[in-house]
Amino acid sequence: MSLRIKNNTSYLVLEHTEGIAEKVISSKDITQAVDTINDFPTGAHEGQVVIVRDLNRGGTFIYDSTEVVNSNDGTNFSGWIRQYSGAINIKWFGATGDGITDDFDTVQAALTYTSTDGGQLYVPTGRYRRPNVPGKFWQWVGDLTIIGD
């Protein structure tokens with residue numbers, strides 16, 4: 001997945017090229033672009049817009065101080081709220097799908113978040129590893145639609 005930024009004088013068009021989400025934001029609202037979710041600016045102000053360029057976890061985020069306590073490391077990073085429409089991408093929560101990394105906790109977080117409102121979870125092609133521990137399975141409560149490549 002890649003993020004393409006087109007500058008068209010008065011606005012920027014942000015597109016995830018696989019069609020997961022598209023967002024048009026006025027360029028005057030964007031205060032900063034950072035490389036990863038670990039680079040969010042400190043001292044954020046209400047409504048501040050930041051673009052994260054990371055290919056797996058990147059996107060457009062708007063700061064909302066009332067959401068700091070609801071952080072989930074996928075759509076909300078200490079008040080930095082991901083702007084999206086459509087399916088939740090499992091990689092937003094940190095899943096790698098490389099077949100080596102233990103993806104159990106990140107997949108579980110994505111399942112838990114998505115199933116609370118009956119949403120769709122997008123799972124890109126990959127091998128999402130869980131530890132070989134008896135009785136440790138991915139679980140969710142509620143309705144959920146899983147889509148993939």
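Trainee: Which residue lies over the face of F104?

Mentor: K136, and its distance from the ring centre is 4.6 Å. The cut-off for a charge over a ring is 6 Å from the ring centre, along with an angle limit of 35 degrees from the ring normal, and K136 is listed as lying over the face of F104. Bear in mind that this is a predicted model.

Trainee: What is the average pLDDT of the chain?

Mentor: The average is 82, and 81% of the residues score at least 70. Watch residues 1-24, though: pLDDT stays under 50 there, even if the model has 61 contacts beyond four places in sequence for them. Where pLDDT is low, the predicted coordinates should not be read in detail.

Trainee: Back to F104. Why does F104 count as buried?

Mentor: Its relative accessibility is 8%, and buried means under 20%, so F104 passes.

Trainee: And why does W138 count as partly exposed?

Mentor: W138 comes out at 25%. Partly exposed runs between 20% and 50%, so W138 lands in that band.

Trainee: What makes F104 and W138 an aromatic pair that is stacked?

Mentor: Two checks. The rings are 5.8 Å apart centre to centre, against a limit of 6.5 Å. The planes are at 15 degrees, and under 30 counts as stacked. The pair links distant parts of the chain, with F104 in helix 1 (104-115) and W138 in the loop between strand 12 (127-129) and strand 13 (145-148), 34 residues apart.

Trainee: How many aromatic pairs are there by this rule?

Mentor: The count comes to eight.

Trainee: Why is the pair of F40 and W80 stacked?

Mentor: The ring centres are 4.9 Å apart and the planes are at 5 degrees, so it is stacked. F40 is in the loop between strand 4 (30-34) and strand 5 (49-52), while W80 is in strand 8, so the pair ties together parts that are 40 residues apart in sequence. Both F40 and W80 are buried, and they belong to one aromatic cluster with F61, Y63 and F77.

Trainee: Which residues make up the largest nonpolar core?

Mentor: There are 12: I88, I90, W92, F93, A95, V107, A110, L111, L121, V123, Y128 and L144. Helix 1 and strand 11 (120-123) each supply at least two of them, and helix 1 gives the most, with three. Apart from this core lies another, of nine residues, among them V52, F61, Y63 and W80. In soluble globular proteins, nonpolar side chains tend to be buried together.

Trainee: S115 is found in helix 1 too. Why does S115 count as buried?

Mentor: At 4% relative accessibility, S115 is under the 20% limit, so buried is the right word. Leaving aside neighbours within four places in sequence, S115 is in contact with W140, V141, G142, D143 and L144. A polar atom of its side chain also lies 3.3 Å from the backbone oxygen of T112, within the 3.5 Å allowed for a polar contact.

Trainee: What is the phi of D73?

Mentor: It is positive, about 60 degrees, although D73 is not a glycine. Most residues other than glycine have a negative phi. D73 lies in the loop between strand 6 (59-63) and strand 7 (76-77). S78 has a positive phi as well, of about 50 degrees, and is found in the loop between strand 7 and strand 8 (80-83).

Trainee: Why is S78 partly exposed?

Mentor: The relative accessible area of S78 is 43%, so S78 falls between the 20% and 50% limits. D73, with 45%, is partly exposed too.

Notes:
Residues numbered from 1 in each chain as written. Predicted model: local features only at pLDDT ≥ 70, side-chain atom pairs only at ≥ 80, totals over all residues. Heavy atoms only, no water. pLDDT = per-residue confidence, 0-100. Contact = heavy atoms within 4.5 Å. Core = buried A, V, L, I, M, F, W, Y, C linked by side-chain atoms within 4.5 Å. Buried < 20%, exposed > 50% of the residue type's maximum accessible area, 1.4 Å probe, protein only. Helix = DSSP H or I, 4+ residues; strand = E, 2+ residues; numbered from the N terminus. Polar contact = N/O pair within 3.5 Å; in protein donor to acceptor, adjacent residues only side chain to side chain. Phe/Tyr/Trp six-rings, centres within 6.5 Å; stacked < 30°, edge-to-face > 60°.
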